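Dear colleague,

Please find below the structure that I am handing over to you. I would be grateful if you would look through it with the notes that accompany it.

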Amino acid sequence: MKLFIYHTPELTPIGETPDCAIAVDVLRATSTIATVLASGGEAVQVFSDLEQLVAVSEKWPPEKRLRAGERGGAKVAGFDLGNSPLDCTREVVEGRRLFISTTNGTRALQRIEQSPSVLAAALINRAAVVQFLLDKQPETVWIVGSGWEGTFSLEDTVCAGAIAHSLVEKSQFSPVELAGNDEVISAIALYSQWQNDLLGLFHQASHGQRLLRLESHEDLEYCAQTDILDVLPIQQELGVL
Ligand code: 3SL
């Protein structure tokens, strides 16, 4: 297995497709997706365009759908939910499909949607993603951070590092054998440095600070937890996990 980490969707090589591609948007899209599926959501369907989301979801019975939309960290007016994983309780999501569009996370998923296996990973479901990789042993794996509007984000990189760190611990690979690019080594180093204070790292991250200004402290606490959900968000059909 060769693992490549890309900090943003824009940094992925054009015209190439890995055997397995993993989108990461710890704050907060992939944390929300994992939470919805762990809470009994029927599926999660992702959109970059809000109008398209509304048009497609219109075909579903209202009691079987939820519309979640986030722009600039805030809930889109008229939608059922924003992008807080804490709103996705079993009472709210069970048996329903979540139609979601967020600023960066859905763009990362769309960038990799042509790969044979597409996963959504966050810290909260890291162990399930690592187990999938250990079981399936794909030859090439990309982890694609969502970043923020094309720029690096600490929280996605530390999650990529958490996945790589666990792969090294649980497999026969050394970091150098696993690493397809230097980003893997640096992400493992970031995670090794912060693994006991991920919330502290989120407080230093620019998007963490943005969410704190939006009073989302509890979201940061929730998303900073590791391996709490045994759920594998995997693409079933284009754009649907
Ligand atoms: O950018 C995204 O996709 C979102 O996850 C951002 S936010 O955490 O909902 O503000």
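The notes below describe what was found, beginning with the interior and ending with the backbone.

Please bear in mind throughout that this is a predicted model.

The interior. In soluble globular proteins, nonpolar side chains tend to be buried together. Here, the largest nonpolar core consists of 71 residues. The residues with the most contacts inside this core are I22, L133, I163, L167 and F202. Helix α6, which spans residues 154–170, supplies the largest share of the core, namely 8 residues. A second core of 5 residues is separate from it, and includes F47, L53, V76 and F99. To see how I22 is surrounded, one may set aside its neighbours within four places in sequence; I22 is then in contact with residues including I112, L119, A121, V129 and L133.

Two paired strands. Strand β2 (residues 20–24) pairs with strand β7 in the parallel sense, over 5 bridges. One of the bridge partners is easily located: A23 is matched with A120 in β7. Strand β7 covers residues 117–121, and because 5 of its 5 residues are buried, it is largely enclosed by the rest of the structure. In a regular strand the side chains alternate between the two faces of the sheet. In β7, S117, L119 and A121 point one way, whereas V118 and A120 point the other way.

The ligand. The ligand is surrounded by 14 residues, and the closest are D25, N83, T102, N104 and G105. A polar side-chain atom of D25 lies 2.7 Å from an oxygen atom of the ligand. Polar backbone atoms also take part: one in L27 is 3.2 Å from a ligand oxygen atom, and one in R28 is 2.8 Å from a ligand oxygen atom. Taken alone, the ligand exposes 290 Å², of which the protein buries 100%.

Backbone points to check. Most residues other than glycine have a negative phi, and most peptide bonds are trans. L27 and R28, however, are joined by a cis peptide bond with an omega of about -5°. R28 is placed in the loop between β2 and α1. Q137, which is not a glycine, has a positive phi of about 50°. This residue is in the loop between α5 and β8, and it counts as partly exposed because its relative accessibility is 37%. D227 is likewise not a glycine and has a positive phi of about 60°; D227 lies in the segment after α11.

With kind regards

Definitions and conventions
Residues are numbered from 1 along each chain as its sequence is written. This is a predicted model: local features need pLDDT of at least 70, side-chain atom pairs count only at pLDDT 80 or more; totals for chains, interfaces and linings use all residues. Side-chain values use heavy atoms; hydrogens and water are left out. A nonpolar core is a set of buried Ala, Val, Leu, Ile, Met, Phe, Trp, Tyr and Cys residues joined through side-chain atoms within 4.5 Å. Buried means under 20% relative accessible area, exposed over 50%, partly exposed in between (1.4 Å probe, protein chains only). Helices (H or I, at least four residues) and strands (E, at least two) are DSSP runs, numbered from the N terminus. Contact means heavy atoms within 4.5 Å. A residue is near a molecule or strand if one of its heavy atoms lies within 4 Å of it. A polar contact is a pair of N or O atoms within 3.5 Å; within protein, one must be able to donate a hydrogen and the other to accept it, and residues adjacent in sequence count only if both atoms are side-chain atoms. Accessible areas come from the Shrake-Rupley method with a 1.4 Å probe; for residues, only the protein chains shown count as cover. Two strands pair if DSSP finds at least two bridges between them.
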